[in-house]
Amino acid sequence: MTPADLSRCVVRAVRHAVADGELAVGAVAPGRVVVERTRPGGVGDYATPVAFQIARAAGCPTRDVAGVLARRLGAEPGIESVEVTGAGFLNFVLPAPSAPAVITEVIVRDIAIRDVRGGAAHVLPADESGLGLRERVVRRSVLRLVAAEGGTERDLPDTLAAAPVARRDGDVVARYGADAACWAMLAVPARETPSFCATLLHQGEASEFFRVRYAHARSRALVRNAAQLGFHPEAGEVDDAPALLRLLADHPLVLEAAAHHRAPERLVRNLVELADALLDFQHRVLPQGDEKPSAAHRARLALADAAGTVLAGGLALLGMDAPERL
């Protein structure tokens with residue numbers, strides 16, 4: 001079970017609990033449940049506050065609702081354990097993600113994001129009059145995220161306040177370029193003033209913006225180099241990239257949470273972590289020395305290719321290009 005599957009599984013558990021009379025008929029299953037990574041020091045791998053959403057309609061305490069759902073979900077294949085914490089949070093432990101399943105999820109997600117990119121006009125706010133540069137950048141990114149999750153501009157609040165940049169809009173774009181300026185504006189919560197510095201233009205590991213785009217370019221280079229060696233990506237199990245696999249498995253949840261909380265900075269942080277994991281992994285993808293390409297190399301290449309796809313899609317949702325070469 002992938003983390004994205006877990007979200008859908010929780011929705012089904014609520015519906016079945018109502019149908020079987022374990023929860024009051026008035027309890028309505030939400031169309032979508034936000035599942036997020038537990039914070040450091042928390043219980044389990046993932047958590048959701050879904051019981052809080054339905055407790056009032058169910059007419060019973062939140063913790064009791066969570067207990068009903070925990071019993072059901074604990075019997076689901078692919079969930080190692082479920083625990084109720086606090087006033088009614090559901091916490092889950094999942095098995096280590098499977099590379100083929102994660103790659104399949106990446107492909108499905110990329111199709112949705114390409115639909116958003118291809119129809120860019122319908123994911124731009126209808127009226128941007130009176131908005132400053134930062135407000136436009138944040139609003140457009142949030143709207144792309146919402147559209148990727150199946151929503152529309154109607155799902156946005158009337159206002160999406162954003163702290164302005166600390167200098168004239170035109171100066172920022174002229175000094176740093178549109179993409180780097182957007183990165184700085186989206187890297188912090190909208191209520192915070194973005195910081196612009198020379199690191200944004202630095203072509204090295206000190207720049208998070210550079211690392212993300214460089215990691216994408218490296219993924220494309222790996223595919224090109226592999227083709228020259230006579231092999232291509234082929235999904236298979238990969239046992240030496242747990243961090244990269246987990247980040248890819250979590251990516252759909254990051255997109256969902258970023259859209260739900262109107263928080264593009266969550267996607268920014270995820271892309272940086274993913275880029276760093278890919279850059280660490282890249283050295284194990286291609287054959288070394290006299291090695292011949294094997295099934296393991298093809299599987300690693302497929303994983304690196306999937307990571308590059310996620311990086312490109314994430315940058316597109318932020319309104320930035322993903323160069324194939326840097």
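In this predicted model, helix α4 contributes the most to the lining of the largest cavity, namely 4 residues. Helix α4 spans residues 99-118, and it is joined in this role by α11, residues 295-318, since each of the two supplies at least two residues of that lining. The residues around the largest cavity are V106, R109, D110, I113, H251, T309, V310 and G313. By class, this lining holds 3 nonpolar, 3 polar and 2 charged residues. The volume of the largest cavity is about 40 Å³. Counting cavities of 30 Å³ or more gives 4 in the model.

Apart from the cavities, the model has pockets, and the largest pocket holds about 930 Å³ of space. Its lining is made up of 28 residues, of which E36, R37, T38, R39 and R266 lie closest to the centre of the pocket. Several elements take part in this lining with at least two residues each: the strands β1 (36-37), β2 (46-48) and β4, and the helices α9 (242-260) and α10 (264-281). The most is given by α9, with 7 residues. The lining of the largest pocket divides into 12 nonpolar, 8 polar and 8 charged residues.

Three of the strands that line the pocket, β1, β2 and β4, also belong to an open sheet of 4 strands. The order of strands across this sheet is β1-β2-β4-β3, and the pairing is antiparallel. Strands β1 and β3 are the edge strands, each of them pairing on one side only. Strands of a sheet pair through backbone hydrogen bonds, and the pairing can be either parallel or antiparallel.

The sheet can be followed from one edge to the other. Strands β1 and β2 run antiparallel and are joined by 2 bridges. Within this pair, E36 has A47 in β2 as its bridge partner. Residue E36 is also among the residues closest to the centre of the largest pocket. The next pair, β2 and β4, runs antiparallel as well, with 3 bridges. Here T48 is matched by its bridge partner L90 in β4.

The last pair consists of β3, residues 81-85, and β4, residues 89-93, which are antiparallel and share 5 bridges. Two positions illustrate the pairing. V82 has F92 of β4 as its bridge partner, and V84 stands opposite L90 in β4. L90 thus appears in both pairings of β4, being the partner of T48 and lying opposite V84. Strands β3 and β4 form a hairpin, with 3 residues between the two strands. In the turn of this hairpin, G86 has a positive phi of about 60 degrees. In a regular strand, side chains alternate between the two faces of the sheet.

The packing of helices was examined for two pairs. In the first pair, helix α2 covers residues 50-58 and helix α3 covers residues 62-73. The axes of α2 and α3 come within 8 Å and cross at roughly 115 degrees. Because angles of 65 to 115 degrees count as roughly perpendicular, α2 is roughly perpendicular to α3. The crossing in which α2 passes α3 is right-handed.

The second pair joins α8, residues 208-228, to α11, and the axes of these helices lie 9 Å apart. The angle between α8 and α11 is about 140 degrees, and the two helices are therefore oblique to each other. In contrast to the right-handed crossing of α2 and α3, α8 passes α11 in a left-handed crossing. Helix α11 also has a part in the cavity described above, where it supplies at least two residues of the lining.

Conventions
Residues numbered from 1 in each chain as written. Predicted model: local features only at pLDDT ≥ 70, side-chain atom pairs only at ≥ 80, totals over all residues. Heavy atoms only, no water. 1 Å grid on protein atoms, 1.4 Å probe; cavity = no way out; pocket = protein on both sides within 12 Å on 5 of 7 lines; lining within 4 Å. Points joined across faces, edges and corners; volume = space filled by probe spheres on them. Nonpolar A, V, L, I, M, F, W, Y, C, P; charged D, E, K, R; others polar. Pairing = 2+ DSSP bridges. Axes fitted to C-alpha atoms, helices over the stretch in contact; angles between N-to-C directions. Parallel < 35°, antiparallel > 145°, perpendicular 65-115°, else oblique. Left-handed = near helix turned anticlockwise from the far one by under 90°.
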